[in-house]
Amino acid sequence: MPETGVGTQVPSAEADGASGPLQTPCLLLDEARLRANLAGLRAHLDRLGVAFRPHLKTAKSIDVARLAMTGPAGPAIVSTLREAEYFAEGGVRDMIYGVGIAPQKLDRVGAVRRRWGADLAVVLDSIEQADAVAAWAARTGDRLPVLIEVDADGHRSGVKPADAALLVAIGRALGAGADLRGVLLHAGDSYGLSDPEDLAAAAEGERAAAVTAATLLRAAGLPCPVVSVGSTPTARYARNLDGITEVRAGVFMFGDLFQAGVGSVAVDDIAVSVLATVIGHRRDKGWIITDAGWMALSRDRGTARQAVDQGYGVVCDRAGRPYPDLIVADANQEHGILALRPGSRAALPDLAIGDRVRVLPNHACATGAQYDRYHVLDADGRVAAVWPRINGW
């Protein structure tokens, strides 16, 4: 299928993506579900009075970005400089590179800013990084925007929110050559929760940590115009965002089985699936074999740690309706093994060789990374467009 640009229309001979001649495995995207997921979160954040900055690390597609962003130039956040370059070329100007900056990447950041006029900001959490940014800014004359990453919950990176000495030291190390924009937090521990009250508490903890850090910077006479928080679970369950200027989230727009296990989305909200073809049977073992193994689905088994283990994915019919208790129970590189959940009394569906199924993924980011395009489904379940997507760093 040629990639001829944004919203590529599929020739009529290839219009039925669920049963027609599309090569499998391939990645399907239900546009109506995507739009509904976006509208739902935007309405929630509008009620709370904060701006939305979509995370494009899952999407990796300018077509999706244009639906997700509040304007053609952004705002957005990305997780790779390849994404920053791609989206800048597509007209996005207001971006944050949301991974702690390595000094060796500063020249590439600067190139994005110069070539496309993008307001690309970086994130850091140490004096060493701040010193590197200050030196680079002095050398290039580029007043690079910077956000200090703050640790909301001990999940990964960031300065402790009450560590005034380190926060202020980082801000002062940046000096006049860089532009201290504010603080950025990600409550990653929320991904291990599922109770709505616990998720609401995590959202409040993230908010309080952000406000604490911002207050300390301002008390020291340092600027902090941006107070940025976000994860799909905390964005969904936040009840109060006083003191926050923007919320970031990304995987919610696609949904996946892991997020369904958290409670951030419903299974019926999941907008992405992998189209696979039945290629064999092991009736003695109760198996159906498809051409979509872990290379097509990813090796992510995050739901194994949740209350419901979804194997390598939930198996649906061509219309996207889950078969009762049918999962991808195991996977080899290019073979998916479909079987009923242990203990299930459901009947194995009668699927012939050549039949198509759709598999809902455990982790939309990891599954999407296997593909260079979305086959976009319209309201009738037919492929109406092909949207290119990128990968790499």
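Two strands are taken as paired where DSSP finds at least two bridges between them. In this predicted model, an open sheet is built from 8 strands. Their order is E3-E10-E9-E8-E7-E6-E5-E4, and the pairing is parallel. Strand E3 (51-54) and strand E4 (76-78) occupy the edges. Each has a single partner strand, so one side of each lacks a neighbour in the sheet. From one strand to the next, the twist averages 30°.

At the E4 edge, the partner is strand E5 (residues 94-100). The two strands pair in the parallel sense over 3 bridges. Here Ile77 stands opposite Ile96 in E5. Helix H3 (residues 81-89) lies across E4, E5 and strand E6 (119-124). The direction of H3 runs at about 175° to E5. Helix H7 also packs on the sheet. Its contacts are with strand E7 (145-150), strand E8 (179-185) and strand E9 (226-229). The direction of H7 makes about 155° with that of E8.

The largest nonpolar core holds 105 residues. Within this core, Leu34 and Phe254 touch the most other members. Helix H7 (residues 196-219) supplies the largest share, with 6 residues. The surroundings of Phe254 were examined without its neighbours within four places in sequence. Phe254 is then in contact with Leu29, Leu34 and Asn37. Thr58, Ala59 and Val64 also contact Phe254. A run from Asp269 through Ile270 and Ala271 to Val272 adds further contacts to Phe254. Ala364 and Tyr374 complete the list for Phe254.

A further pairing involves strands E17 and E18. Strand E17 (residues 373-377) is joined to E18 by 5 bridges, and the two run antiparallel. His375 stands opposite Val386 in E18. The two strands form a hairpin with 5 residues between them. In this hairpin, Gly381 takes a positive phi near 75°. Strand E18 (residues 383-388) has 6 residues, of which 5 are buried. Strand E18 is therefore largely enclosed by the rest of the structure.

Confidence was considered last. The pLDDT averages 94 over the protein. A score of at least 70 is reached by 95% of the residues. Over residues 1-19, by contrast, the pLDDT is below 50. Beyond near neighbours in sequence, this stretch has 48 contacts in the model.

Key:
Residues numbered from 1 in each chain as written. Predicted model: local features only at pLDDT ≥ 70, side-chain atom pairs only at ≥ 80, totals over all residues. Heavy atoms only, no water. Core = buried A, V, L, I, M, F, W, Y, C linked by side-chain atoms within 4.5 Å. Buried < 20%, exposed > 50% of the residue type's maximum accessible area, 1.4 Å probe, protein only. Helix = DSSP H or I, 4+ residues; strand = E, 2+ residues; numbered from the N terminus. Contact = heavy atoms within 4.5 Å. pLDDT = per-residue confidence, 0-100. Axes fitted to C-alpha atoms, helices over the stretch in contact; angles between N-to-C directions.
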